[in-house]
Amino acid sequence: MQMKAIKLYFQTPLYMGGERGAIIPVHSDTIFGAIINALIYLNVDIEPFVGAFEENRFSISSAFPFRGEKLFFPKPFHINSYINKKIDKDPNLEGYLKLKKFKKKKFFDKENFEKMINGKIPDLDEINYEEKYGYKVADIPKIVLDRITVNSHLYHISQVFFEDNAGLYFLFQGDDEIFKNYIKPAIRLLGDEGIGGKRTWGLGKFKPKFEDIALKTQESDLFVTLSLTIPKNKNVLHLWDFIKRGDWIFTRNGKPRRKPTIMMVKEGSILNKDPGEIIDLDNYGNFSGEIGHKVLVNAKSFLIPVRWKH
């Protein structure tokens, strides 16, 4: 399975808001929104880009960590059932402790990810449970002064700091013309402008690198999604978890407004083939009227075939 990997080598810390332990991955709806805003800033007509996305001519994953040449992937949810069965066959304390560590591990390298999507169980003795992903999250103290009383207030924000040869990457699959004409220029602009919050502080700037990668996959009617998604058919879900998405809408020319809370299916969930959808926030209220333009939220799937005997 051929894809493009877009690596982001961060030059300044990254701020994404949210809970400290949930900053990484950077979700696919955030990446799509940042690309759209960059294209608008570049004065590019986004209608063909959005139209191609709606027609499933390309897909975009969430952004996961890389360190050196090693790409990390989220754990497919089905693999825990394989491990449970293995431990059940030979119950012992050592096996139980390994299972606990395995379930807590957030990301796996490409080799182990390929084993899991092809129905094989990684060797629990060979997995590095203490593996570092090339970043750390630190709470940075900040002080704000009341404009009237000049009283100070201390608060903290969580920022992500990356090692020199580490960062985040996301995957692109599909139309080469879309990649060349829309994704590349948008990502290069975002590298200079920054991605995430607090860009006026200089945060989130990166240097991009574009690479081809291939994943070893087999044909299957089941898939793991590497993006957030909202399936059109809710019956396609087999193993899944939800995440609440909200926060503020970034707009260059309109009036900022908080997004409605939307429940999405998380990366790593197992489902039958379903492209997901693009959410028009006008379905949740008069966003076009209040902000000054339409707001679309990416809830499309990024599907990788999974072999799972359940």
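A search of the whole structure, which is a predicted model, turns up one cavity of 30 Å³ or more. That largest cavity holds about 50 Å³ of space. There's also an open side to the story: the second largest pocket has a volume of about 340 Å³. After those two spaces, we'll look at how helices α1, α2 and α6 pack, then at a couple of backbone details.

**The largest cavity**

- Rolling a probe the size of a water molecule over the atoms shows where empty space is left.
- Who lines the largest cavity? The residues are Leu8, Phe10, Leu14, Met16, Val26, Ile31, Ala63, Leu168, Phe170 and Ile195.
- Sort that lining by class and you get 10 nonpolar residues, with no polar and no charged ones.
- Two strands, β1 (2-10) and β8 (166-174), each give at least two residues to the lining of the largest cavity.

**The second largest pocket**

- With its volume of about 340 Å³, the second largest pocket is lined by 16 residues, and the closest to its centre are Ser59, Gln173, Lys273, Ser301 and Leu303.
- Strands β2 (58-60) and β8 are the elements that give two or more residues to the lining of the second largest pocket.
- The lining of the second largest pocket is a mix: seven nonpolar, five polar and four charged residues.
- So keep an eye on β8 as you look around, as β8 helps line the largest cavity and also the second largest pocket.

**Helix α1 against helix α2**

- Helix α1 (residues 28-41) packs with α2 at an angle of about 155°, and their axes are 11 Å apart.
- Because angles over 145 degrees count that way, α1 is roughly antiparallel to α2.
- On the α1 side you'll find Phe32, Ile35, Ile36 and Leu39, and they meet Phe49, Val50 and Phe53 in α2.
- What classes of residue make up the contact of α1 with α2? There are seven nonpolar residues, no polar and no charged.

**Helix α1 against helix α6**

- The angle between α1 and α6 is about 90°, with their axes 9 Å apart.
- That angle makes α1 roughly perpendicular to α6.
- From α1, the contact uses Ala34, Ile35, Ala38, Leu39 and Tyr41.
- From α6, the contact uses Tyr182, Ile183, Ala186, Ile187, Leu189, Leu190 and Glu193.
- By class, the contact of α1 with α6 has 11 nonpolar residues, no polar and one charged.
- Ile35 and Leu39 of α1 pull double duty: they meet residues of α2 and take part in the contact with α6.

**Helix α2 against helix α6**

- Helix α2 (residues 47-54) and helix α6 (residues 176-193) pack at an angle of about 130°, and their axes sit 11 Å apart.
- That makes α2 oblique to α6.
- The crossing of α2 past α6 is left-handed.
- Here Pro48, Phe49 and Ala52 of α2 meet Ile178, Tyr182 and Ile183 of α6.
- Split by class, the contact of α2 with α6 comes to six nonpolar residues, with no polar and no charged ones.
- Look at Phe49 of α2, too: Phe49 is in the contact with α6 and in the contact with α1.

**Backbone details**

- Most residues other than glycine have a negative phi, and most peptide bonds are trans.
- Which way round is the peptide bond from isoleucine 24 to proline 25, cis or trans? That bond is cis, with omega near 10°.
- To find proline 25, go to the loop between β1 and α1.
- Asparagine 43 isn't a glycine, but its phi is positive, near 65°.
- Asparagine 43 sits in the loop between α1 and α2.

Notes:
Residues are numbered from 1 along each chain as its sequence is written. This is a predicted model: local features need pLDDT of at least 70, side-chain atom pairs count only at pLDDT 80 or more; totals for chains, interfaces and linings use all residues. Side-chain values use heavy atoms; hydrogens and water are left out. Axes are lines fitted to C-alpha atoms, for helices over the stretch in contact, and angles run from 0 to 180 degrees between N-to-C directions. Helices (H or I, at least four residues) and strands (E, at least two) are DSSP runs, numbered from the N terminus. Angles under 35 degrees count as roughly parallel, over 145 as roughly antiparallel, 65 to 115 as roughly perpendicular and the rest as oblique. A crossing is left-handed if the near helix is turned anticlockwise from the far one by less than a right angle, and right-handed if clockwise. Contact means heavy atoms within 4.5 Å. Ala, Val, Leu, Ile, Met, Phe, Trp, Tyr, Cys and Pro count as nonpolar, Asp, Glu, Lys and Arg as charged, and the others, Gly among them, as polar. On a 1 Å grid over the protein atoms alone, a cavity is a set of points where a 1.4 Å probe fits but cannot get out, and a pocket is an open set with protein on both sides within 12 Å along at least five of seven lines; lining residues have an atom within 4 Å of a point. Grid points are joined across faces, edges and corners, and a volume is the space filled by probe spheres set on the points.
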